[in-house]
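Visitor: I should like to take a close look at one part of this structure. Could you please guide me through the metal site, step by step?

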Amino acid sequence: MRKHTGNLQCLQRFLLVALALAFSGSASAQTVDTNAVLASIDQKAASYRDVALKLWSWAEVGYQEKQSSELLQAQLQAAGFTMAGGVGERPTAFTATWGSGKPVIGIIGEFDALPGLSQAAEPNRKAVVENGAGHGCGHHLFGTASTAAAIAVKEWLAANKRGGTIRFYGTPAEEGGGGKVYMLRAGLFDDVDAVVTMHPGDRNAASASSNLANISGKFRFRGVSAHAAGAPHRGRSALDGVEAMNAMVNLMREHVPSDTRIHYVITNGGSAPNVVPDFAEAYYYARHNDMRVLDGIWERIVNAARGAALGTDTRMELEVTNAVWNVLPNSYLVDLMQQNLRKVGGYEYTPVGRQFAETIRKTLEGELPPIDSTNSVFAPEPGVGNASTDLGDVSWRVPTVQLSAATWVPGTPAHSWQAVAAGGTSIGIKGMMVAAKSMSLMAIELFTEPAHLVKAREEFDKRRGPNFKYTSRTADRKPPLDYRK
Ligand SMILES: [Zn+2]
Ligand SMILES: [Zn+2]
């Protein structure tokens, strides 16, 4: 009996020590050889540079990123990941998984370019291909940095014989194609505990801000054509339907929350004034920082379209073309990401890079951050950005954290020729390496310290509210694979 009690006490003590070790940041952090992780990325720097510059030169737009997707897949496959291509009904989407069991940490990479932004890696406006595409959002660096991070994490897991799963998500068509929404819909994020990702930018900082949920759709009106002078009474104008809808929506602007954004274009208003148009189409975007508020605004826009059809004796059909949630920040993960980014730090320009930066700065307007701020880490800035991204949907399904890396000359806006230009130089590549390293350390910390995932989840549940269930607003529509054709 005595002996038994002694064994029990011993076991209890052992369990307490094991628990303390598992939940003590300092104890487990000591087991991570940060320098080895960073060195493993540095060793492959030349190869990652080549990959990024290839993606940059191909500049493939949404759902047409065939070569870019294949090249990233080849890196992950060579590193021993198990590949699944063409996921979520899209040929260029893929996942790459290594390891098994919990936790499951996801790293997201994007790789689509923007139409019309072709630009040489030079500090003055010069297209490589007239009206061609260019990486104005730096997604070539995004895809490559995330690939590099996933591989570094895999190597660390293998070297340390750790359990758990690292999964890379190759997510196409971020720019308006809603690539991630279809992967969520296919259940590809269902087992993930946290997502780590980056975005190119003009500074190094963990991203603490939210942005705007966005629903977009085409309102198609159908009427009856007739001679506009000879028999107007026999016609029913589809353009009247569009105009009546727009008039009502424009009145509505006064009665929606003031931070709502509604914009439209008339993509078809008929073909000749002497023919009553039997077809007309308005293409709408509506945005707000809270999808649940936006749902109500969108419903009123749809009702305005219905009312317009009724009043003009036309018929209306709506196609919801895309819908993305606002990003749900997770300040616990933002703090952790910031700590890991600080461990990595910023970078100095090469002499050529600095000259390039000085010339680019002359083309930028407004108040600019210091030119040498690439070598520092900015504080995370909470707030609401005015863009929208399909990462928003992921962030309501899985606790998600993102960092911005200085891949562009400080002061450069996204979707600009200056962003494309810097993305093809050492500036883009150095920023990419900062992101790859920071994401690796962040993901490894999530593997070593289970308490982080518990705390991130607590905040996530609290922010989402009770009984929340993520649903896509695209319903069951097929991915718009031809939206850039
Ligand atoms: Zn973009
Ligand atoms: Zn982007």
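Guide: What follows is a description of the zinc site, and then of one helix elsewhere in the description. The model is a predicted one. The protein donors of the zinc ion (ligand 1) are C137, through its SG atom, E175, through OE, and H415, through NE2. These donors lie 2.0 to 2.3 Å from the zinc ion (ligand 1). Along the chain, the donors follow the spacing C-x37-E-x239-H. A second zinc ion (ligand 2) is 3.2 Å from the zinc ion (ligand 1), and C137 coordinates both. The pair C137 and H415 links distant parts of the chain, for these residues are 278 residues apart. C137 belongs to the loop between β3 (104-110) and α6, whereas H415 belongs to the loop between β11 (400-406) and α13 (417-423).

How accessible are these two residues? C137 has a relative accessible area of 8%, and because this is under 20%, C137 counts as buried. H415 has a relative accessibility of 39%, which lies between 20% and 50%, so H415 counts as partly exposed.

The helix α6 (139-159), which borders the loop of C137, also leads to helix α3, since α6 is among the elements that cover the buried residues of α3. The other elements named in this cover include α4 (45-58), α10 (331-344) and α14 (426-448). In α3 (residues 34-43), the buried residues are V37, L38, S40 and I41. They cover an arc of only 155° around the axis, which means that they are on the same side of α3. On the other side of α3, N35 and Q43 are exposed.

Methods. Residues are numbered from 1 along each chain as its sequence is written. Chains are lettered from A and ligands numbered from 1 in the order in which they are written. This is a predicted model: local features need pLDDT of at least 70, side-chain atom pairs count only at pLDDT 80 or more; totals for chains, interfaces and linings use all residues. Side-chain values use heavy atoms; hydrogens and water are left out. Buried means under 20% relative accessible area, exposed over 50%, partly exposed in between (1.4 Å probe, protein chains only). Helices (H or I, at least four residues) and strands (E, at least two) are DSSP runs, numbered from the N terminus. The arc is that of the directions from the helix axis to the C-beta atoms. Contact means heavy atoms within 4.5 Å. Donors are N, O and S atoms within 2.8 Å of the metal (3.2 Å for Na, K and Ca); water is not among the atoms, so sites may look incomplete.
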